[in-house]
Every structure is written in structure tokens, then in C-alpha cells.
Amino acid sequence: MPADLPKRILIGRALRSDKLGETLLSKRIALPVFASDALSSVAYAPEEILLTLSIAGASAIHFSWQIGLVVAVVMLAVVASYRQNVHAYPSGGGDYEVATVNHGPNSGLVVASALLVDYVLTVAVSTTSGVANVVSAVPSLRGHELVLSVVVVILLMGVNLRGVRESGSAFAVPTYAFMIGVMGMVVWGAIRSALGQDMHAESSAFHLEATPGNDSLAGFAMVFLLLKAFSSGCAALTGVEAISNGVPAFRKPKSKNAATTLLLMASIAVVMFMGIIWLARLTGVQMAEDPAEQLVGAGADYHQKTALAQISEAVFSNFTPGFYFVAAVTGLILVLAANTAFNGFPVLGSILAQDRYLPRQLHTRGDRLAFSNGIILLAGVAILFIVAFNADPTRLIQLYIVGVFVSFNMSQSGMIRHWTRLLRSETDPKKRAHMQRSRAINTFGLVMTMAVLIVVLATKISHAWIAIATMVVLFVLMKAIRRHYERVSHELVAAEEPDDVAPPTRVHAIVLVSKLHKPALRALAYARLARAHTLEAVTVNVDLADTEALRQDWDARGIDVPLKVLDSPFREITGPVLDYVKNLRRSSPRDVVSVYIPEYVVGHWYEHLLHNQSALRLKGRLLFKPGVMVTSVPWQLESSERRKPQKAWSAPGAVRRGEPRHQVNRAFETSDSAQSSSKDGSP
């Protein structure tokens with residue numbers, strides 16, 4: 001069985017690099033891939049508005065539709081602005097590229113930090129919200145939200161490791177089903193309302209009281225509450241930027257298809273968002289941050305369902321399958337909305353790695369032409385957030401909006417500078433008119449997003465500081481990574497003067513031995529082939545009897561390589577060898593010391609536990625010594641032969657002619673001793 005068979009079953013066969021074009025997305029598939037986050041946010045954004053307004057009691061709930069209308073206007077303004085972005089910067093850098101080109105590298109890093117945090121929170125919020133909706137419909141799952149959320153993230157990671165096209169095809173049906181479910185619910189509710197049929201949510205029978213201490217909010221306090229509700233509702237805008245970061249994944253014409261997908265996403269999201277808010281008022285949904293204290297008439301064991309679950313239950317009270325359909329597709333879309341981040345985070349990580357702000361491993365594509373390392377990293381960090389906040393979507397949402405609106409503002413201001421710069425040199429009246437119109441759109445978008453960011457910071461700073469602190473840490477970390485890569489690059493540049501690469505005057509070879517066994521003899525034979533200027537064997541005197549036995553065996557075999565014994569009063573191996581090598585380098589600085597370490601390879605993980613790791617420790621220390629070369633000489637034991645021996649090979653017609661079979665010559669096997677070898681072969 002091939003060693004990579006489990007990987008092939010889970011992820012699929014590796015794709016050739018020239019198949020990348022086949023993974024590009026049409027608008028039909030791109031909409032669920034990149035817009036599922038923005039579309040799914042309408043499932044919890046109205047609920048966040050209602051929860052915030054509940055602080056002031058039932059008297060404040062009637063402001064929900066006005067707040068929803070303002071959120072819808074902001075969303076349309078942001079989408080109109082991002083349509084300019086995808087045409088001007090179609091390379092996939094999105095907000096990061098816009099900010100870097102127009103404001104400089106530091107501004108680009110601020111945006112990158114904000115987006116990376118936003119992507120992580122997208123996965124955490126979407127997953128936990130989806131699980132919460134499923135639990136509302138299936139109460140028997142209550143208490144297992146954390147485990148379910150973690151399992152869902154792992155499953156999403158596995159699907160995305162199979163490639164963007166595969167994940168998009170898998171998620172298209174649930175996304176379109178969610179659109180049909182919510183739109184159908186709005187239409188069904190409108191029909192029942194027109195027919196005069198009553199639709200009452202289960203919480204409509206309760207009386208919503210203000211939280212203690214907020215019985216009579218007025219003046220500034222009420223304005224502050226409305227602004228806080230508005231900032232909570234702006235969670236509906238999250239995910240809008242994902243399409244501008246994913247333009248390279250679209251089929252040609254990329255920019256046009258991306259802009260069209262943006263417009264489709266905004267239109268659908270606004271209709272569903274306002275429809276849910278209207279139905280919430282129509283069915284009398286009462287949401288409370290503390291149901292036990294605020295909902296008068298609810299029992300002590302009352303468990304508050306999500307707003308969307310209550311609405312669908314009321315609207316489809318005469319058609320139960322409709323309720324379960326909406327509950328199912330809502331849970332699915334909220335979970336699958338995390339797929340937007342699984343497509344955006346790896347692409348942004350790859351761009352940052354290419355710019356040397358993140359580890360280079362994030363820049364390479366995996367077997368399925370997806371950025372596998374970025375996908376795995378995103379899943380791991382999202383799970384940490386889910387565990388840290390105990391899979392509570394309400395607490396996670398509080399951290400959610402800051403990052404995305406930081407990137408919105410930097411992007412829109414960058415686009416204004418972009419158009420202003422082009423207008424300085426453009427003389428064509430038609431092109432100038434187009435640029436001025438685009439600049440006006442981006443200016444309006446900046447005013448909207450700046451206002452939202454100020455409101456968010458003013459109303460959510462008690463929670464938002466965690467997201468801000470994370471962004472600061474990421475910013476500092478990426479700067480440090482860039483400095484490291486620049487330092488390494490500077491040191492590795494070939495100098496014009498030949499002194500830096502001048503060959504050593506002599507090579508002094510050392511073979512480390514502990515006893516005269518097969519690995520040691522192979523290392524001696526291999527060292528002889530290198531024809532160093534001097535060659536000697538070195539052993540460390542840890543046990544006097546063993547050392548004397550080695551010396552006698554050495555003399556008895558008549559080995560012509562001198563054996564040097566290093567004393568070790570404290571029975572330590574690494575220190576005496578390092579001191580000896582250091583003395584050789586000190587006495588002849590122009591010489592190179594080549595150290596050969598014999599070691600044997602075992603095949604099972606539990607066998608490693610039976611051997612000390614002296615060779616690995618010694619090797620790790622020697623690698624930091626200038627002028628010292630380290631060579632591992634492996635000896636493979638039978639247990640390391642994971643695969644069956646190759647069958648004998650016969651030339652065509654050899655058997656027919658009666659010629660003997662010839663065994664295929666085995667190539668000289670080498671292995672990475674740091675990962676798969678036992679270390680007892682060293683002294």
C-alpha cells in the first residue's frame with residue numbers, strides 16, 4: 001500500500017501545475033465560494049440589532065427597521081466602492097495591495113493584519129453561529145456546541161484542501177438553498193400578512209423589560225444605544241472584501257465577473273436582510289441579552305431560540321417542513337460561510353509570504369493547487385478562538401467588525417489617492433469623467449465606513465481591544481519576519497570579492513565512533529572516499545572498559561586510521577567533541593573540519609524510544625559552528641524497510657531464452673537522520 005494512500009483518499013490525487021486554469025471559477029460557482037460569508041451574515045446581523053436594542057426594553061425595538069435601512073445603505077456604498085477596486089487592482093491583493101501601493105508598506109501591513117484577524121473570526125463566528133442555529137432546531141444537541149464547532153472546522157479544512165473548485169461545487173447547493181429558503185420565507189410571510197393571517201413568534205407573548213439600570217434611557221444614552229445597535233448590525237457587511245481578494249480565482253474576464261458577482265451578492269443580501277427585519281417586527285420577536293431577567297412570562301427553563309428560528313417557526317406555523325428547511329439551510333450556510341475565509345486567508349497569506357512578511361511555506365501550493373499550509377494554519381487558529389470563547393457566537397461577534405472596517409477605510413482612502421494620481425496625467429475627457437465618478441464613489445464609501453469604524457470603536461471598545469491587540473501583535477510579527485528574511489538575504493548574497501567563497505586550505509575529517517560495528521565501518525569507508533587532507537577516528541571515553549575494548553578491536557583489525565580518545569570525566573559526549581572541534585578550528589582557522597556521524601535507521605516510532613538521541617543533539621550543536629561540515633552516514637536496519645523488496649526483473653525474452661533472472665540493483669539508500677533515524681550509532 002503506498003505510504004500516501006490515506007492522503008490521496010482524503011484530499012485526492014495531486015494536480016499538475018499546468019492544470020491551474022481548470023480550477024478557475026464561473027460566476028455561478030464564485031457566488032457561493034466568495035459571497036457565502038456576506039450572505040450568511042443576514043442570519044445573525046438582525047438578531048444582533050434586536051439584542052442590543054433590548055437593553056432599553058420593548059420601547060426601543062421599533063427602531064430596528066430604521067437601523068437596518070442605514071446598514072443596507074452602507075452595504076451598497078461599500079459594494080459600489082469595491083467594484084472600483086476589482087477593476088483597478090485585479091491581481092488578488094485586494095485591500096492589502098491598494099493600501100501598500102497608495103499609502104506605503106506599513107499601511108499595507110495594517111490592512112493585512114486586520115484582514116488576517118477578520119478571516120480567523122469569520123471561521124469562528126460562522127461556525128459557532130451555524131451550530132447555534134442547528135441546536136435551536138435540535139435541542140438534544142445542547143451542551144455539545146464546542147465539540148461540534150471544532151469538528152465542523154476540521155471538516156471544512158479537509159474539503160478546502162481538495163481545492164477551490166471542489167469546495168465551491170460542494171458549497172453551491174447549500175448557499176443557493178439558503179437564498180431560496182429565506183426568500184421563500186419572506187414571500188410566504190408577505191402572502192400570509194396580506195391574507196390577514198396571524199403570525200406570532202414564541203417570544204411575542206412575553207413582555208420585554210429593560211435591563212436593570214436602563215429603565216428610562218433618554219437623550220445621549222439612547223443615541224449611544226442606537227449607535228451600538230447600528231454597529232452590531234454592520235456585521236452584515238463582513239465578507240464583502242473577500243471577492244476583491246479572490247479576483248484571480250475567477251474566469252476571464254476576471255474583473256468584470258468579480259464586479260458582477262459583487263453586485264449580485266449585495267442585491268440578494270440587502271433584500272434578505274431587510275426582509276428578516278420586517279418579519280421580526282411582524283411576528284413580534286423578542287430577543288433579550290438576559291432572557292431570565294428581561295422576558296416577563298418566560299419560565300425559568302426557557303431557552304431562547306435564534307431570531308431567524310423564531311421567525312421561520314411563526315411564518316411556517318401552517319407548514320412545518322418549511323421551518324425545518326430554513327433551519328437546516330441556515331445552519332449549513334452559516335457553517336459554510338467560513339469557506340469564504342478558507343479561500344481568502346490562504347491567498348492573502350501567499351501574497352504576504354511572497355513579500356517576505358510571512359513564512360515562505362505559505363506561498364507554495366499543495367497537491368491540489370490550493371495553498372494548503374494557509375488552510376491548515378487558518379483552521380488551527382480559528383479552533384483556538386472557538387475554544388477560548390467556549391463556542392459562544394455572541395462574544396465572538398463583538399470582536400468581529402473592527403478588523404474588516406479598518407481594512408475598508410484604508411482601502412477606500414487608498415483608492416481616492418489612486419484616482420487622484422491618475423487624474424494628474426490623464427487628458428482624455430471621457431476617461432477623466434470615469435475616474436472622477438469612481439473617486440466620488442470611493443469618497444462616499446470612505447465617509448460611510450469611517451463613520452461605522454468610529455461608532456464601532458466608541459461602542460465596542462470593551463470587547464474590540466482583543467481584536468486590536470491581535471492586529472498589533474501580527475503587525476509586529478510580520479515586520480520581524482521581514483527583517484529576518486532581509487538579513488538572511490543580505491548574508492547570502494555572493495560577494496564580488498572572492499575572499500568570502502575562497503576554498504579552505506585543508507580539510508580535516510573526523511569519524512565519530514562508539515564501537516566498531518557496521519555503521520562505524522561504513523562511515524570510515526565513506527570518509528576515505530572524500531580524500532580529506534587528514535582523517536582520524538574519535539571516540540569519547542564514557543566507560544573505561546568499553547573504550548579499552550574498542551581500542552583492542554581497532555588494533556586487532558589493523559585499521560590504518562588513527563583512533564583518538566577524548567576524556568569525559570562527567571560521562572558527557574557532546575561537550576568533549578565540541579571542544580575538540582573548536583580547538584582544531586582555533587589552531588587552523590583556514591581549515592574546514594568535516595565530521596562524519598554513523599547512525600542506524602529504525603522503522604517504527606516506538607523503536608526511537610529505545611535509543612538515546614546523542615547523534616541528533618551533537619549534530620544540532622555542530623551545525624552552529626562556522627567552518628564545520630556535518631555528514632550523517634545511515635545504516636538501515638530491517639525494520640526500516642517499510643516496503644516489500646522489489647521483485648526480480650527480467651529483460652524481455654530472457655526467461656524464454658533460459659537466461660537467469662537478474663535482481664534489480666538497489667540504489668544506495670540515504671535518509672534524513674534528523675527525522676527518522678536512531679542515534680545510538682554515535683559515540
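**A tour from the sheet to a helix pair**

Begin by selecting V511 together with A537, its bridge partner in strand 4. The model is predicted, so local features need pLDDT of at least 70 and side-chain atom pairs count only at pLDDT 80 or more, while totals for chains, interfaces and linings use all residues. Residues are numbered from 1 along each chain as its sequence is written, and side-chain values use heavy atoms, with hydrogens and water left out.

Widen the selection to strand 3 (residues 507–512) and strand 4 (residues 534–541), which run parallel and are joined by 5 bridges; strands (E, at least two residues) and helices (H or I, at least four) are DSSP runs numbered from the N terminus, and two strands pair if DSSP finds at least two bridges between them.

Next, show the open sheet of 5 strands, with parallel pairing and the order 5-4-3-6-7. Strand 5 (563–567) and strand 7 (628–636) stand at the edges with a single partner strand each, so one side of each lacks a neighbour in the sheet.

Now add helix 24 (residues 614–622), which packs on the sheet and touches strand 3, strand 6 (592–601) and strand 7, contact meaning heavy atoms within 4.5 Å.

Finally, move to helix 15 (residues 338–354) and helix 16 (residues 372–388), whose axes come within 8 Å and cross at roughly 120°; axes are lines fitted to C-alpha atoms, for helices over the stretch in contact, and angles run from 0 to 180 degrees between N-to-C directions. To display their contact, select A341, F342, F345 and P346 of helix 15 with G374, I375, L377, L378 and A379 of helix 16.
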